[in-house]
Amino acid sequence: MCQLLGMNCNVPTDIVFSFTGFAMRGGHTDTHHDGWGIAFFEGAGVRHFVDHQAAIASPVAELIKQYPIKSRNVIAHIRKATQGQVALENCHPFVRELWGRYWVFAHNGDLKQFAPALDGAFRPVGTTDSERAFCFILQELRRRFGDSAPPLDALRAALGELAHAIAAHGTFNMMLSDGAALYVHCSTNLHYVVRQYPFVTARLSDQDVSVDFSQVTTPDDRVAIIVTEPLTANETWTRFAPGELKVFVDGMPA
């Protein structure tokens with residue numbers, strides 16, 4: 001199945017270090033070679049990059065490794081296809097508008113016999129179960145809350161119910177963000193680490209790269225990294241419980 005990477009911070013931060021290790025799993029240290037993508041929130045906008053090539057061979061992925069785009073919320077995905085051909089329209093993350101803001105979604109898993117009725121406001125472009133699930137979530141949020149975004153607690157509760165219902169069809173590890181918070185649901189395998197003062201030197205597991213975060217941060221910075229499998233061997237990663245939904249705001253889980 002696919003792998004997920006997310007970042008949520010209290011100040012705009014680049015994801016170059018984490019993405020460098022993550023991209024190695026797209027055809028080098030792992031077999032996720034059926035495309036990849038990444039989305040960065042910047043103000044009300046989203047920088048969105050996808051490629052049907054393996055991340056290890058993609059010139060676009062090389063750009064992301066070299067270009068320190070700063071964001072408070074980032075979602076990335078490397079694909080191992082289970083449903084839908086290897087094609088650009090099937091690459092995560094997917095982007096849609098709801099309540100006058102962009103939403104970004106990526107999924108790791110395989111949903112069986114998942115064919116919700118979609119009323120037309122949100123419809124898949126590609127042929128993946130993942131994009132179908134994203135459209136269903138947004139449709140149900142609009143149905144429940146109308147044309148105005150609800151408070152975070154109400155949104156979290158609704159997403160918990162929807163994730164539970166979707167997960168009944170199979171594995172549903174997912175990341176969803178509107179740029180204000182990062183919502184993460186675990187079915188089987190997700191981990192996170194919060195990097196904050198006092199910062200340490202971290203070393204990637206998939207490549208011989210390290211960074212001393214104390215040299216590139218301030219004492220007030222806080223960064224949460226969420227990933228399918230831990231990216232470093234010398235940091236303490238916390239594993240999600242199956243069925244758990246966490247909301248990350250300003251670099252902290254709730």
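Select strand 9 (191-196) and strand 13 (238-239). The two pair in the antiparallel sense over 2 bridges. Click tyrosine 192: its bridge partner in strand 13 is threonine 238. Keep in mind throughout that this is a predicted model.

**Across strand 9**

Stay on strand 9 and add strand 12 (222-227). Strand 9 and strand 12 run antiparallel and are joined by 6 bridges. Pick valine 194 and look across to alanine 224, its bridge partner in strand 12.

**The whole sheet**

Now show the sheet that holds these strands. Which order do its strands take? The order is 3-2-4-1-12-9-13, in an open sheet of 7 strands with antiparallel pairing. Strand 3 (45-51) and strand 13 stand at the edges. Each of these two has a single partner strand, so one side of each has no neighbour in the sheet. For background, strands of a sheet pair through backbone hydrogen bonds.

Move to the edge at strand 3. Select strand 2 (residues 36-42) with it. Here the antiparallel pairing runs over 7 bridges. Phenylalanine 41 stands opposite valine 46 in strand 3.

**Helix 1 on the sheet**

Next, bring up helix 1, which packs on this sheet. Which strands does helix 1 touch? Strand 1 (3-14), strand 2, strand 4 (70-78), strand 9 and strand 12 are its contacts. The direction of helix 1 makes about 170° with that of strand 1.

**Helix 1 against helix 2**

Select helix 1 (residues 16-23) and helix 2 (residues 59-66) together. Their axes lie 8 Å apart, at an angle of about 150°. Angles over 145 degrees count as roughly antiparallel, and the two helices are therefore roughly antiparallel to each other.

Show side chains at the contact. From helix 1 come Val16, Phe19, Thr20 and Ala23. They meet Ala61, Ile64 and Lys65 of helix 2. By type, the contact residues divide into 5 nonpolar, 1 polar and 1 charged.

**Two sides of helix 2**

Hide helix 1 for a moment and look at helix 2 alone. Which residues of helix 2 are buried? They are Ala61, Ile64 and Lys65. Turn the view to look down the helix axis: these residues fall within an arc of 100°, so they line one face. In general, an α-helix has 3.6 residues a turn, so residues three or four places apart point the same way.

Rotate to the face turned away from the buried side. Pro59 and Gln66 are the exposed residues there. Then restore the surroundings: the cover over the buried residues of helix 2 includes helix 1, strand 2 and strand 3.

**Methionine 24**

Go to the loop between helix 1 and strand 2 and select methionine 24. Is methionine 24 buried or exposed? Its relative accessibility is 9%. Buried means under 20%, so methionine 24 counts as buried. Now add aspartate 206. The two residues are 182 apart in sequence, yet 6.4 Å apart in space, C-alpha to C-alpha.

**Strand 8 and its partners**

Finish at strand 8 (residues 182-185). Both faces of this strand are covered. Leu182 and Val184 are buried on one side, Tyr183 and His185 on the other.

Add strand 7 (residues 173-177), joined to strand 8 by 4 bridges in an antiparallel run. Serine 177 stands opposite leucine 182. The hairpin of these strands has 4 residues between them, and glycine 179 there takes a positive phi near 90°.

Last, add strand 14 (residues 245-249). Strand 8 pairs with strand 14 in the antiparallel sense over 4 bridges. Valine 184 stands opposite lysine 246 in strand 14.

Methods. Residues numbered from 1 in each chain as written. Predicted model: local features only at pLDDT ≥ 70, side-chain atom pairs only at ≥ 80, totals over all residues. Heavy atoms only, no water. Axes fitted to C-alpha atoms, helices over the stretch in contact; angles between N-to-C directions. Parallel < 35°, antiparallel > 145°, perpendicular 65-115°, else oblique. Contact = heavy atoms within 4.5 Å. Nonpolar A, V, L, I, M, F, W, Y, C, P; charged D, E, K, R; others polar. Pairing = 2+ DSSP bridges. Buried < 20%, exposed > 50% of the residue type's maximum accessible area, 1.4 Å probe, protein only. Arc of directions from axis to C-beta.
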